[in-house]
Amino acid sequence: MNSVTTATVSLGAVTIGLSILAWHLTRWWKTGAKAGPGGPGGGGGRDPKVLIPFLSSVALGMLCVTAAGGLLGTGATMLLDVGNNLGNWSLTAVTGTVTPGLTRSGSKSLTPGGCAALVIYIVIVVSIWKSGGKVFHGKVTSGVTCGVMLGLSAGFSGVAAAAVVSVFNAVGDRVTGVI
């Protein structure tokens, strides 16, 4: 079994991930401005709780792409490959630029305890998914895609992914007793 993922991310995939993130944050910002005291934000203003389904699924995507193998790692790597190809094509077609690789060095991977915590987290997300509507399903799907595209990048999102992986490793190792 691999202990570290061998997937790589390009500027094209990072652009797709950042575009998805920008889309959701912009919609949240614009919708929150219209929400009054009884508005759809549940109390008016830009309610950060509205972002929880999207951001928690971004974390899930980041964790899946750092899984070294198995169904999760393979599926996330396949999605990342599609993102690399589509993003590279779109950047080249629209701007004429080259699309370098942006994979961070020293990628963190999940420990056995972190992998156990990831499986438990997936069970939680799926159970919530089953009770959600179409809007919730779209937020989760786009969030996982965004997380997969950004999880291995060398930029700020890669640092965020490394922090998420570290937290899951620490919690998973503690809870399962794998220390």
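## Helix packing in an all-helical chain

The axes of H2 and H6 cross at roughly 80° and come within 9 Å of each other, and because angles of 65 to 115 degrees count as roughly perpendicular, H2 and H6 are described as roughly perpendicular to each other. On the H2 side the contact is formed by Ala-59, Met-62, Leu-63 and Thr-66, which meet Ser-157, Ala-161, Val-164, Val-165 and Phe-168 in H6. Sorted by class, the residues of this contact of H2 with H6 are 7 nonpolar and 2 polar, with no charged residues.

These helices belong to a predicted model, in which the protein chain has 6 helices and 0 strands, so that, read along the sequence, the pattern is α-α-α-α-α-α. Of the 179 residues in the protein chain, 39% are buried, and the accessible surface comes to about 9700 Å², with 70% of that surface belonging to carbon and sulfur atoms. When contacts between residues at least 6 apart in sequence are considered, 81% of them join residues at least 24 apart.

Helix H6 (residues 156-176) also packs with helix H4 (residues 112-131), their axes coming within 7 Å and crossing at roughly 95°, an angle that makes H4 roughly perpendicular to H6. Here Gly-113, Gly-114, Ala-116, Ala-117, Leu-118 and Tyr-121 in H4 meet Phe-168, Asn-169, Gly-172, Asp-173 and Thr-176 in H6. The residues of this contact of H4 with H6 divide into 5 nonpolar, 5 polar and 1 charged. Phe-168 of H6 is thus named in the contact with H4 and also in the contact with H2.

Another helix pair to follow is H3 and H5, which pack at an angle of about 80° with their axes 9 Å apart, and which are therefore roughly perpendicular to each other. The residues that make the contact are Ala-76, Leu-79, Leu-80 and Gly-83 of H3, together with Thr-145, Val-148 and Met-149 of H5. In this contact of H3 with H5 there are 5 nonpolar residues, 2 polar residues and no charged ones.

Several of these residues reappear in the interior of the model. The largest nonpolar core has 31 residues, and those with the most contacts inside it are Leu-63, Leu-80 and Tyr-121. Helix H1 (11-34), helix H2 (52-66), helix H3 (70-95), H4, helix H5 (134-150) and H6 each supply at least two residues of this core, while the largest share, 8 residues, comes from H2. Tyr-121 shows how separate parts of the sequence are brought into contact: leaving aside its neighbours within four places in sequence, Tyr-121 is in contact with Ser-56, Ser-57, Ala-59, Leu-60, Leu-63 and Phe-168.

Two residues outside the buried class complete the picture. Asp-81 lies in helix H3 and, at 38% relative accessibility, counts as partly exposed, because that class covers values between the 20% limit for buried and the 50% limit for exposed. The C-alpha atoms of Asp-81 and Val-9 are separated by 8.0 Å, although these residues are 72 residues apart along the chain. Gly-138, placed in helix H5, likewise counts as partly exposed, with 37% relative accessibility. From C-alpha to C-alpha, Gly-138 and Pro-53 are 9.7 Å apart in space, and they are 85 residues apart in sequence.

Definitions and conventions
Residues numbered from 1 in each chain as written. Predicted model: local features only at pLDDT ≥ 70, side-chain atom pairs only at ≥ 80, totals over all residues. Heavy atoms only, no water. Helix = DSSP H or I, 4+ residues; strand = E, 2+ residues; numbered from the N terminus. Buried < 20%, exposed > 50% of the residue type's maximum accessible area, 1.4 Å probe, protein only. Contact = heavy atoms within 4.5 Å. Areas by Shrake-Rupley, 256 points an atom, 1.4 Å probe, with all protein chains shown as cover. Axes fitted to C-alpha atoms, helices over the stretch in contact; angles between N-to-C directions. Parallel < 35°, antiparallel > 145°, perpendicular 65-115°, else oblique. Nonpolar A, V, L, I, M, F, W, Y, C, P; charged D, E, K, R; others polar. Core = buried A, V, L, I, M, F, W, Y, C linked by side-chain atoms within 4.5 Å.
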